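Q: Please take a close look at one part of this model and explain how that part fits into the rest. A connected account, with the cut-offs stated, would be most useful.

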Amino acid sequence: QVQLVESGGGLVQVGGSLRLSCAASGLKFSNYAMGWFRRPPGKKREFVAGIRWSGGSTSYSDSVKGRFTVSRDNAKNTVYLQMNSLQPEDTAIYYCNADLFRSPYNYWGRGTQVTVSS
């Protein structure tokens, strides 16, 4: 059974930092592209950042580019999201996603809450 478990969320002040982690099990982690998405209060889920299976290619939404960094450790089956210079608009539930290219295999974690107070 595939499981994605996010951790590292919490309450932080404006300008602060958090590091989210997503531990994966039940899949061949190194084959999957990994992504971070978020759902702000009252809004739809949106893409935040993604990283290819090898870690050599990353992508970011315009709203987080330059502040967030996605990385992965295939030996630990874990993907990370380093979030710096956090702003109130970053408040959301953050979800981890695993996607196997050109296949129906796509999995989601349950999310972790990030709240940025001003």
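A: Cys22 and Cys96 are both buried, a label given to residues under 20% relative accessible area, with exposed meaning over 50% and partly exposed in between (1.4 Å probe, protein chains only). The model is predicted, so local features need pLDDT of at least 70 and side-chain atom pairs count only at pLDDT 80 or more, whereas totals for chains, interfaces and linings use all residues. Residues are numbered from 1 along each chain as its sequence is written, and side-chain values use heavy atoms, with hydrogens and water left out.

The two cysteines form a disulfide in which the sulfur atoms are 2.1 Å apart; the criterion is a pair of cysteine sulfur atoms within 2.5 Å. Under that criterion, the model contains one disulfide. The link between Cys22 and Cys96 is left-handed, with -80 degrees about the S-S bond. Because Cys22 belongs to strand β3 (residues 18–25) and Cys96 to strand β9 (residues 92–99), the bond ties together parts that are 74 residues apart in sequence. Strands here are DSSP runs of E with at least two residues, numbered from the N terminus; helices would be runs of H or I with at least four.

The two strands joined by the disulfide also take part in the nonpolar packing. The largest nonpolar core has 28 residues, a core being a set of buried Ala, Val, Leu, Ile, Met, Phe, Trp, Tyr and Cys residues joined through side-chain atoms within 4.5 Å. Within this core, Met34, Trp36, Val79, Leu81, Met83 and Tyr94 have the most contacts. At least two core residues come from each of β3, β4 (33–39), β5 (46–51), β7 (68–73), β8 (78–83), β9 and β11 (112–117).

Strand β9 also holds a polar residue, Asn97. With a relative accessibility of 6%, Asn97 counts as buried. The side chain of Asn97 makes a polar contact of 2.9 Å with the side chain of Asn106. Such a contact is a pair of N or O atoms within 3.5 Å; within protein, one must be able to donate a hydrogen and the other to accept it, and residues adjacent in sequence count only if both atoms are side-chain atoms.

A further polar side chain is found in β11, where Thr112 is located. Thr112 is buried at a relative accessible area of 11%, and a polar atom of its side chain lies 3.3 Å from the backbone nitrogen of Gly9.

The loops attached to these strands complete the account. Lys28 sits in the loop between β3 and β4 and is exposed, its relative accessible area being 53%. Gly66 is 38 residues from Lys28 along the chain, and 30 Å separates their C-alpha atoms.

The loop leading from β8 to β9 contains Ser85. Although not a glycine, Ser85 has a positive phi, near 50 degrees, and this residue counts as partly exposed at 36% relative accessibility. On the other side of β9, the loop between β9 and β10 (106–108) contains Arg102. Arg102, likewise not a glycine, has a positive phi of about 55 degrees. At 76% relative accessibility, Arg102 counts as exposed, whereas Cys96 of the disulfide is buried.
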